[in-house]
Amino acid sequence: MAMIEAIGIPDTKLGKQITELVRDTEPELLFNHSSRVYYFGALTGLRRGLRFDREMLYAGAMFHDMGLTPEHSSETERFEVDGANAARDFLKAHKIAQSDIDLVWTAIALHTTPGIPVHMPPGHRSCHCGRRDGRAGHRL
């Protein structure tokens with residue numbers, strides 16, 4: 001349990017705003033799922049010795065299924081892209097660096113696309129710490 005406490009939700013203004021928005025937008029089941037994705041990703045990253053920005057990992061995890069909500073679902077895009085767009089808009093409004101926004105957007109947009117992240121630059125690849133068998137799954 002100490003390891004999970006060490007990687008707790010980022011106790012920052014941005015982390016709190018992400019939590020508030022996602023809690024107010026997603027049903028409890030989806031909110032809890034997204035929270036577990038953050039913990040899984042952070043624990044996997046630590047286990048693999050990766051360096052990562054906890055706030056950006058949290059943003060990616062919490063927004064990764066946002067495209068499934070009526071407020072952020074479009075008729076023209078896949079839910080992954082809708083979630084990535086919601087994260088991008090949120091992070092832009094909070095004046096996050098474009099390179100971080102691009103990283104989060106890509107991680108969310110590709111989170112169900114197996115085989116692509118291994119061909120990406122290391123900074124992008126580290127956001128995808130999920131399944132090694134190449135099957136689709138949550139990769140944040």
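This is a short talk on the helices and the nonpolar core of one predicted protein model.

Before I start, a word on how to read what I say: the model is predicted, so that local features need pLDDT of at least 70 and side-chain atom pairs count only at pLDDT 80 or more, while totals for chains, interfaces and linings use all residues. Residues are numbered from 1 along each chain as its sequence is written, and side-chain values use heavy atoms, with hydrogens and water left out.

Let me begin with the overall picture. The protein chain has seven helices and zero strands, where helices (H or I, at least four residues) and strands (E, at least two) are DSSP runs numbered from the N terminus. Of the 140 residues in the protein chain, 44% are buried, and by buried I mean under 20% relative accessible area, with exposed meaning over 50% and partly exposed in between (1.4 Å probe, protein chains only). If we take the contacts with a separation of 6 or more, 64% of them join residues 24 or more positions apart, a contact being heavy atoms within 4.5 Å.

Now to the core. The largest nonpolar core, that is, a set of buried Ala, Val, Leu, Ile, Met, Phe, Trp, Tyr and Cys residues joined through side-chain atoms within 4.5 Å, has 25 residues, and those with the most contacts inside it are Ile18, Phe63, Leu91 and Val104. Two or more residues come from each of helix H2 (13-25), helix H3 (28-47), helix H4 (54-63), helix H5 (79-93) and helix H6 (98-109), and H4 gives the most, with seven residues. Which residues does Phe63 touch, not counting residues up to four places away in sequence? They are Ile18, Leu21, Gly83, Ala86, Ala87, Phe90 and Ile108.

Ile18 takes us to H2, where Leu14, Gly15, Ile18, Thr19, Val22 and Thr25 are buried. Seen down the axis of H2, these buried residues fall within an arc of 145° (taken from the directions from the helix axis to the C-beta atoms), so they line one face of the helix. On the other side of H2, Lys13, Lys16, Glu20 and Asp24 are exposed, whereas the cover over the buried residues of H2 includes H3, H4 and H5.

Finally, H6 has twelve residues and reaches 16 Å from its first C-alpha to its last, close to the 16 Å expected at 1.5 Å a residue, the expected span being 1.5 Å times one less than the number of residues. In H6, the buried residues include Val104 and Ile108.
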